[in-house]
Amino acid sequence: MSLIELSEQEIQRRESLQKLRDLGIDPYPAALFPVNSSAKEIKNDFEDGKHVCIAGRMMSQRVMGKASFAELQDASGRIQIYINRDEICPDEDKTLYNEIFKKLLDLGDFIGVEGKVFKTQVGEISIHVTKLILLAKALRPLPLPKIDVEGRIHDAFTDAEMRSRQRYVDLVVNPHVKDTFVKRSKTISSMRRFFDGFDYLEVETPILQAIPGGAAARPFITHHNALDIPLYLRIANEMYLKRLIVGGFEGVYEFAKDFRNEGMDRTHNPEFTMLEIYVSYKDYNWMMDFTEKMIEKVAHDVCGSTEIEVGGNKISLKAPYKRISMRDAILEFTGKDINGKSETELKEICKELGIETDSSMGKGKLIDEIFGEKCEAHFIQPTFITDYPIEMSPLCKKHRDNPELTERFELMINGKEIANAYSELNDPIDQRERFEEQMSLSQKGDDEAMFIDQDFLRALEYGMPPTSGMGIGIDRLVMLLTNNISIQEVLFFPQMRPETKTAKIELNDSEKIIFETMKELKELQLFQLKEKFEMSNKVWDTSIKTLTKHNLIKVTKELEELWVRLS
RNA sequence: GAUUCCGUAGCUCAGCUGGUAGAGCAAUACACUUUUAAUGUAUGGGCCCUGGGUUCGAAUCCCAGCGGGAUCACCA
């Protein structure tokens with residue numbers, strides 16, 4: 001990389017790096033630094049005069065002659081340090097303070113300090129530094145948001161694209177972002193503890209699958225060289241977990257990365273995390289009790305309360321939650337009863353409600369549309385929607401009272417689906433018929449062909465105990481718990497279009513032509529050179545400027561004449 | 001995919017009906033021994049997203065493209 005591509009500040013930092021080396025200081029020392037405290041700990045357990053040793057990034061610096069204040073940021077937060085010239089440099093040589101601390105250290109550098117805890121005259125807990133060491137130099141300047149006396153943030157690093165692409169920077173300068181990801185981690189560990197309390201087994205199942213099943217979504221495809229077969233990245237892990245239930249485990253769960261090759265927006269990322277859990281000898285009623293208890297606990301562990309505020313809505317996650325059948329939900333919000341209606345009658349209802357339909361939609365899809373359009377958004381407080389039409393739920397057991405319905409529920413919170421659960425279908429013959437029905441439905445539309453997983457059916461034929469299963473989109477749950485409307489905010493590294501890096505030193509065509517010509521002619525007047533090419537003024541001007549900037553040519557004014565020369 | 005808004009200094013943003021760029025913070029230099037958005041003085045820093053057009057002249061107006069945000073559509 002040539003220096004020409006670097007910004008002024010980056011060049012300065014590289015120069016500082018070299019000066020440090022010249023002074024015999026290793027800017028990237030290898031030895032461990034004996035940290036024995038943290039910013040948070042020092043502030044929380046203030047002990048005047050306590051000797052501490054901590055490390056972190058220097059995030060601000062206020063030099064006042066022979067004394068300075070700086071802020072050090074570690075994983076726990078920030079703490080102020082006080083540095084006095086004559087204390088860190090007791091001898092004649094004041095280089096450490098005057099040169100190294102004041103000039104060669106930059107904001108963002110990792111430093112380690114040793115000293116005593118004290119309170120300044122204004123009452124801020126600080127460290128009175130006796131020893132200072134550089135731990136790692138930063139060559140790029142960080143964006144530096146500042147907080148004023150009234151708590152307002154200035155110059156915040158807010159560009160959503162840059163924040164996602166350079167999450168490391170986002171995490172350094174935006175503390176609330178870090179908090180979101182801490183909550184994400186707590187969400188998962190809280191759920192894990194809840195499941196482990198029941199002695200359910202955490203398992204791992206294949207991500208590379210020969211038949212991508214368990215959901216209707218377009219998969220990513222890849223190829224296995226040795227076997228010479230296509231393999232798919234899983235869209236769900238449901239059918240593998242059920243095989244484990246067949247195998248005799250009575251409670252299994254997996255936090256699974258699933259992959260769906262579909263559109264990306266603020267609620268969809270190509271890879272996302274799904275929790276699926278399956279428990280033998282239970283049904284969906286039991287699973288509702290289980291789910292609401294779990295959500296209540298998670299809210300408590302993560303937010304410290306079951307009362308949360310999301311997008312202006314106050315939501316109580318305290319169990320139990322309201323339960324309403326899909327039929328009653330639609331009845332309540334549209335006045336229409338879908339019970340026992342034919343496909344034609346349902347289409348008529350859609351028409352009356354102003355919902356567009358097309359020929360590929362079966363009964364299940366039509367009902368789903370009505371619910372999605374007219375009901376879903378109303379369920380702000382946690383609500384279980386139960387008993388979905390059979391067409392929508394090919395892996396779910398028929399309802400014990402009504403063969404048109406299934407024993408399925410979805411948990412709606414803040415108008416969004418958070419969980420989805422079944423009394424799992426364990427009748428292998430029924431399951432085969434449903435798969436075949438699904439095949440014909442997908443052929444009705446022009447969707448990709450669905451595969452029938454014969455091995456899964458074989459497993460069911462050996463017998464699967466009655467089982468209830470539940471899935472939760474972890475990303476969406478975290479969005480809810482952290483009051484984020486965008487999935488990108490709860491993923492460390494959301495999928496992005498690749499950065500198009502334009503190597504700035506690379507010349508475009510017009511610049512190349514001018515440069516080639518100049519290589520031959522060595523020097524001539526500016527207007528003579530211009531006449532040699534047919535270029536718009538703009539192209540001419542920017543090309544000349546680019547070449548000058550890169551120090552390839554020089555333009556000089558001599559006696560009112562502009563001369564161009566090769567540098 | 002549709003509509004719409006946006007792209008200017010390391011960061012956040014001004015820049016009017018066209019006249020070759022401004023502020024604050026950050027950077028550089030000097031002063032200052034308990035400050036706290038430290039302060040004061042001075043200095044440097046721009047492919048104004050890319051390409052084309054209109055014009056004597058474009059950051060500004062027009063067209064196309066690229067990138068991003070928002071809304072909608074799609075999405076078990």
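**Figure 1. Tyr281 in the loop between strand E13 (271–280) and helix H9 (284–303) of the predicted model.** The phi of Tyr281 is about 65°, a positive value, although this residue is not a glycine. Most residues other than glycine have a negative phi. Tyr281 is exposed, at a relative accessible area of 55%.

**Figure 2. Asp199 in the loop between helix H7 (175–196) and strand E8 (201–202).** Asp199 is not a glycine, yet its phi is positive, near 65°. With a relative accessible area of 70%, Asp199 is exposed.

**Figure 3. The cis peptide bond between Ala319 and Pro320.** Omega of this bond is about 0°. Pro320 sits in the loop that runs between strand E15 (313–316) and strand E16 (322–325). Most peptide bonds are trans.

**Figure 4. The largest nonpolar core, with 42 residues.** Met191, Phe195 and Ile277 have the most contacts inside this core. Helix H9 (284–303) contributes nine residues, the largest share. Apart from this core lies another, of 26 residues, which includes Ala39, Leu72, Cys89 and Val117. In soluble globular proteins, nonpolar side chains tend to be buried together.

**Figure 5. Surroundings of Phe195.** Leaving aside residues up to four places away in sequence, Phe195 touches Tyr200, Tyr253, Phe255, Leu275, Ile277, Phe290 and Met294. Of these contact partners, Ile277 is also listed with Phe195 among the residues that have the most contacts inside the core of 42 residues.

**Figure 6. The protein surface near RNA strand B.** There are 48 residues around RNA strand B, and Gln12, Gln80, Gln121, His268 and Val539 come nearest. Of the atoms of RNA strand B that come within 4 Å of the protein, 52% belong to sugar and phosphate. By class, this surface is made up of 17 nonpolar, 14 polar and 17 charged residues.

**Figure 7. Polar contacts of Glu8, Lys66 and Tyr82 with RNA strand B.** Two of the contacts shown involve bases: a polar side-chain atom of Glu8 is 2.9 Å from a base nitrogen, and a polar side-chain atom of Tyr82 is 3.4 Å from a base oxygen. At Lys66 a backbone N or O atom lies 3.3 Å from a phosphate oxygen. Elements that give two or more residues to the surface near RNA strand B include helix H1 (8–22), strand E1 (51–64), strand E2 (67–74), strand E3 (77–84) and helix H18 (537–549).

Note on methods
Residues are numbered from 1 along each chain as its sequence is written. Chains are lettered from A and ligands numbered from 1 in the order in which they are written. This is a predicted model: local features need pLDDT of at least 70, side-chain atom pairs count only at pLDDT 80 or more; totals for chains, interfaces and linings use all residues. Side-chain values use heavy atoms; hydrogens and water are left out. A nonpolar core is a set of buried Ala, Val, Leu, Ile, Met, Phe, Trp, Tyr and Cys residues joined through side-chain atoms within 4.5 Å. Buried means under 20% relative accessible area, exposed over 50%, partly exposed in between (1.4 Å probe, protein chains only). Helices (H or I, at least four residues) and strands (E, at least two) are DSSP runs, numbered from the N terminus. Contact means heavy atoms within 4.5 Å. A residue is near a molecule or strand if one of its heavy atoms lies within 4 Å of it. A polar contact is a pair of N or O atoms within 3.5 Å; within protein, one must be able to donate a hydrogen and the other to accept it, and residues adjacent in sequence count only if both atoms are side-chain atoms. Ala, Val, Leu, Ile, Met, Phe, Trp, Tyr, Cys and Pro count as nonpolar, Asp, Glu, Lys and Arg as charged, and the others, Gly among them, as polar.
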